[in-house]
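The following exercises concern strand pairing, cysteines and charged side chains. Each task is followed by a worked solution.

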Amino acid sequence: MNNIIEINDTTAPELDVYARTSEVQLLRYYEPDPGIFIAESPKVIERALNAGYEPISFLVEHKDLEGEAKYILERYPEIPVYTAEYEVLVGMTGYALARGMLCAMKRRQLPSVEEICRNTSRIAILENVVNPTNIGAIFRSAAALHMDAVLLTNGCSDPLYRRAARVSMGTVFQIPWTYFDKKTCWPQESMKVIQDMGFKTVAMALREDSCGIDDPQLLAEEKLAVILGTEGDGLASTTIADCDYTVMIPMSHGVDSLNVAAASAVAFWELGRKR
């Protein structure tokens, strides 16, 4: 393929997006227009491409040119493919490549909350979840366990950060998501938008006055928004106060709580299926 380019100079400016640009800088690359993100591993890249994201370039380890990457690259013969041995790529990027492949892609304009929630009955809301690993794991659970969409407050880590997308196994490209409008105050104004669309809001919180996660009335609700809070502190008290339900996952063996990603899987499995 004529688009295969051997890396002879790791300081070349066309490699900056992989080697010398932070994820925050990539996010703002074309500001005020949507920026760039880096997808990692053939499976994640393929799911992003299938979702309609536009590739800018590929970075591929030598041995993977004829491996998993081959069938993806054949679809885009006009897109530059930069390649080198593993040690060169690790030295340039600063981390081990998952399955020897990265792809720089253009972001898209995010839809509005109203667009995302149209024709949905079960959504997840994440409040200030800052760890990209947790974001990725929650998205994977949401996609697998009957959630129709994910909404994020502006304090959350970006689902398109490399690690978040990789941990999600590319499900960030399969389930609709967006951020709440920065002009609306969370939780007061933003939650009202959700409730005005007919959703009953469910705060996942460690409170003894909570209802059971298998409460028949809760499970019978036509539209539910399951809200999970930041690592450690959980949901803000003002968020809990504004919700229609407060739900606690029962614990045993003296365990006080679950990691937010693990809690999301339990909550989505139990609440994601309309009875």
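A residue is called buried when its relative accessible area is under 20%, exposed when it is over 50%, and partly exposed in between. The model examined here is predicted.

**Exercise 1.** Determine whether E40 and R162, which form a salt bridge, are buried or exposed, and state which elements they connect.

*Solution.* Step 1: the closest N and O atoms of E40 and R162 are 2.7 Å apart. Step 2: E40 has a relative accessibility of 1% and therefore counts as buried. Step 3: R162, at 19%, is also under the cut-off and so counts as buried. Step 4: E40 belongs to strand β2 and R162 to helix α8, so the pair ties together parts 122 residues apart in sequence.

**Exercise 2.** Characterise the salt bridge between D158 and R107 in the same manner.

*Solution.* Step 1: the closest N and O atoms of this pair lie 2.6 Å apart. Step 2: D158 is buried, with a relative accessible area of 5%. Step 3: R107 is buried as well, at 13%. Step 4: D158 lies in the loop between β7 and α8, whereas R107 lies in the loop between β5 and α6; the pair therefore ties together parts that are 51 residues apart in sequence.

**Exercise 3.** Identify which residues stand opposite C103 in strand β5.

*Solution.* Step 1: β2 and β5 pair in the antiparallel sense over five bridges, and A39 has C103 as its bridge partner. Step 2: β3 and β5 run antiparallel and are joined by six bridges, with F58 opposite C103. Step 3: C103 itself is buried, its relative accessible area being 0%.

Definitions and conventions:
Residues are numbered from 1 along each chain as its sequence is written. This is a predicted model: local features need pLDDT of at least 70, side-chain atom pairs count only at pLDDT 80 or more; totals for chains, interfaces and linings use all residues. Side-chain values use heavy atoms; hydrogens and water are left out. Two strands pair if DSSP finds at least two bridges between them. Helices (H or I, at least four residues) and strands (E, at least two) are DSSP runs, numbered from the N terminus. Buried means under 20% relative accessible area, exposed over 50%, partly exposed in between (1.4 Å probe, protein chains only). A salt bridge is a side-chain nitrogen of Lys or Arg within 4 Å of a carboxyl oxygen of Asp or Glu.
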